[in-house]
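Q: Could you take me carefully through the part of this structure where protein and DNA meet, beginning with the helices there and going on to how the chains are related?

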Number of protein chains: 2
Amino acid sequence: MSALVKDNIVIAMKPSAHPRRGGRPLSFDRDAALDAAMRLFWQQGYEATSVAELTQAMGITPPSLYAAFGDKRRLFRAAVDRYLTGARTVEQIIGEAPTARDAARDLLMAAALGDTGESTPPGCLLASSLVTGSAEAAALREELAEIRRGIEARLRARIAQEQDPGEAEALAGHVMAVIQGMSTLAKDGADRAKLLAIVETALAGWPPG
Amino acid sequence: MSALVKDNIVIAMKPSAHPRRGGRPLSFDRDAALDAAMRLFWQQGYEATSVAELTQAMGITPPSLYAAFGDKRRLFRAAVDRYLTGARTVEQIIGEAPTARDAARDLLMAAALGDTGESTPPGCLLASSLVTGSAEAAALREELAEIRRGIEARLRARIAQEQDPGEAEALAGHVMAVIQGMSTLAKDGADRAKLLAIVETALAGWPPG
DNA sequence: CATATTCCATAGTGATTACTATGGAAGGTC
DNA sequence: GACCTTCCATAGTAATCACTATGGAATATG
């Protein structure tokens with residue numbers, strides 16, 4: 001099976017790996033369309049982004065959006081997954097760091113860089129697109145919260161290799177708070193230099209291992 | 001003039017201070033209604049909260065909401081103002097702190113306590129209710145961003161009394177990032193003890209004055 | 001008690017929302 | 001070239017949205 005499927009969504013599918021049986025070919029590039037949707041959700045958030053805005057940004061019509069992604073919720077999930085498998089994953093960042101402090105710093109640095117890209121919206125898609133929401137979006141909000149708690153758990157586990165558990169929980173929580181907070185500061189206009197200075201300040205109190 | 005007026009909204013008005021000239025009396029308590037609206041905006045955010053939900057929570061009908069507050073945007077601004085004039089204002093907190101570090105700690109503590117109230121939604125209304133939003137809400141988002149930047153500017157000015165300006169900017173930014181971030185952690189389920197531990201961790205690297 | 005003033009309940013308005021029915025278009029296959 | 005399969009454009013659907021028109025209710029005043 002050459003296509004990645006998650007939650008009944010075809011996430012990554014190479015055309016040549018999927019033998020076509022005839023029929024009209026897609027007139028749009030799925031990855032490019034998903035990328036456009038991701039940026040709009042990143043900039044405006046999930047509920048404030050309408051399907052009309054999505055289809056306009058993606059360059060397709062509503063029936064094409066629904067045929068390719070299922071519905072707005074699954075499109076959003078696909079956008080989040082695409083976001084999370086960007087340059088480097090959290091596992092890679094934490095796994096490659098020599099020390100827990102290095103892991104924290106690398107996560108903070110990646111967040112600061114990601115929050116202030118020149119060709120991407122300010123802030124972080126995971127941190128900002130569903131901070132609050134209606135009752136109807138509660139399940140989706142909880143999915144994002146679960147992803148964030150998972151990231152924190154991985155960092156805490158890494159820190160616990162060098163610090164006692166209580167210390168590890170506070171340090172991991174502090175790092176997550178700064179990551180979340182820098183996203184909003186970036187959306188409020190803070191530039192990369194400022195966020196990087198905040199990263200250094202956040203690490204200044206790191207206890208010796 | 002015994003009524004406080006802001007942005008053409010009557011914000012605080014004592015009935016006895018406003019001589020009535022006849023006519024049907026209000027059948028709802030304006031402060032209680034505003035309080036209910038504030039909690040709903042705090043929990044769900046501005047755009048994800050409908051007027052139907054607001055009127056249900058406030059115990060009034062749409063014409064009463066529009067008569068008392070003007071429109072949804074002005075109701076939201078009134079809710080934010082009510083939120084900001086809660087127990088203690090930022091000026092009071094910063095003004096009463098003996099040192100800049102105390103000011104930072106007191107702001108962080110107030111945020112941690114406010115984020116985890118027993119009878120209020122988790123998180124912070126100012127930090128979370130319009131992190132992202134549609135183009136139509138851009139002006140309102142910018143108003144909240146301006147309020148947040150104003151808080152940071154006051155803290156930075158206080159810190160600059162004891163530290164050089166570059167240090168003050170990074171320290172104030174770090175405190176704001178943690179305040180913002182703790183709001184989301186609280187919405188994700190973090191309890192008060194955890195947030196208070198994060199506050200201590202955040203202050204661990206404070207440079208000597 | 002009639003009138004004036006202010007407020008409320010009901011039933012809307014016009015626009016927007018997520019999503020879809022249907023006929024046609026664009027290919028592949030035999 | 002006819003048929004099959006897949007996709008697209010258009011024009012919707014039913015529900016929801018922020019907001020309001022209108023007649024009645026509840027007071028104060030003279």
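A: **Helices and DNA**

In this predicted model, helix α2 of chain A, which covers residues 51-58, packs with α3(A) at an angle of about 90°, and the axes of the two helices are 9 Å apart. At such an angle, α2(A) and α3(A) are therefore roughly perpendicular to each other. If you look at the side of α2(A) that takes part, you will find V51(A), L54(A), T55(A) and M58(A), and these meet P62(A), L65(A), Y66(A) and F69(A) in α3(A). Sorted by class, the contact of α2(A) with α3(A) has seven nonpolar residues and one polar residue, while charged residues are absent from it.

From this pair of helices we can move to the DNA, taking strand D to begin with. DNA strand D is surrounded by 23 residues, and the closest are G23(A), R24(A), T61(A) and S64(A) from one chain together with V51(B) from the other. Two of these residues approach the bases through their backbones: a backbone N or O atom of G23(A) lies 3.2 Å from a base oxygen of DNA strand D, and a backbone N or O atom of R24(A) lies 2.8 Å from a base oxygen of that strand. T61(A) is placed at the phosphate instead, with an N or O atom in its side chain 3.3 Å from a phosphate oxygen of DNA strand D. Of the atoms of DNA strand D that lie within 4 Å of the protein, 70% belong to sugar or phosphate, and the rest belong to bases.

It also helps to ask which helices supply the surface near DNA strand D. Both α3 of chain A and α3 of chain B, each covering residues 62-69, supply at least two residues of this surface, and α3(B) gives the most, with three residues. Divided by class, the residues of the surface near DNA strand D are nine nonpolar, nine polar and five charged.

DNA strand C can be described in a similar order. This strand is surrounded by 23 residues, of which the closest are V51(A), G23(B), R24(B), T61(B) and S64(B). V51(A), already named in the contact of α2(A) with α3(A), has a polar backbone atom 2.7 Å from a phosphate oxygen of DNA strand C. In chain B, a polar backbone atom of G23(B) is 3.2 Å from a base oxygen of DNA strand C, whereas T61(B) has a polar side-chain atom that lies 3.2 Å from a phosphate oxygen of the strand. The elements that give two or more residues to the surface near DNA strand C are α3 of chain A together with α3 of chain B, and the largest share, three residues, comes from α3(A). This surface, too, can be divided by class, into nine nonpolar, nine polar and five charged residues. Among the atoms of DNA strand C within 4 Å of the protein, 67% are part of sugar or phosphate, with the rest in bases.

To follow how the chains are related, superpose them: a rotation of 180°, with 0.0 Å of shift along its axis, brings chain A onto chain B with an RMSD of 0.1 Å. The two copies are thus related as by a two-fold rotation axis. The same surface serves both copies, since 100% of the contact residues of chain A recur in chain B.

One place where the chains touch is between helix α10 of chain A, residues 192-203, and helix α9 of chain B, residues 165-187, whose axes come within 8 Å and cross at roughly 80°. That angle makes α10(A) roughly perpendicular to α9(B). The contact is made by residues including K194(A), A197(A) and I198(A) of α10(A), and E169(B), A170(B) and L171(B) of α9(B). By class, the contact of α10(A) with α9(B) has six nonpolar, three polar and two charged residues.

Methods:
Residues are numbered from 1 along each chain as its sequence is written. Chains are lettered from A and ligands numbered from 1 in the order in which they are written. Side-chain values use heavy atoms; hydrogens and water are left out. A residue is near a molecule or strand if one of its heavy atoms lies within 4 Å of it. A polar contact is a pair of N or O atoms within 3.5 Å; within protein, one must be able to donate a hydrogen and the other to accept it, and residues adjacent in sequence count only if both atoms are side-chain atoms. Helices (H or I, at least four residues) and strands (E, at least two) are DSSP runs, numbered from the N terminus. Ala, Val, Leu, Ile, Met, Phe, Trp, Tyr, Cys and Pro count as nonpolar, Asp, Glu, Lys and Arg as charged, and the others, Gly among them, as polar. Axes are lines fitted to C-alpha atoms, for helices over the stretch in contact, and angles run from 0 to 180 degrees between N-to-C directions. Angles under 35 degrees count as roughly parallel, over 145 as roughly antiparallel, 65 to 115 as roughly perpendicular and the rest as oblique. Contact means heavy atoms within 4.5 Å. Copies are superposed by least squares on the C-alpha atoms of residues with pLDDT of at least 70 in both.
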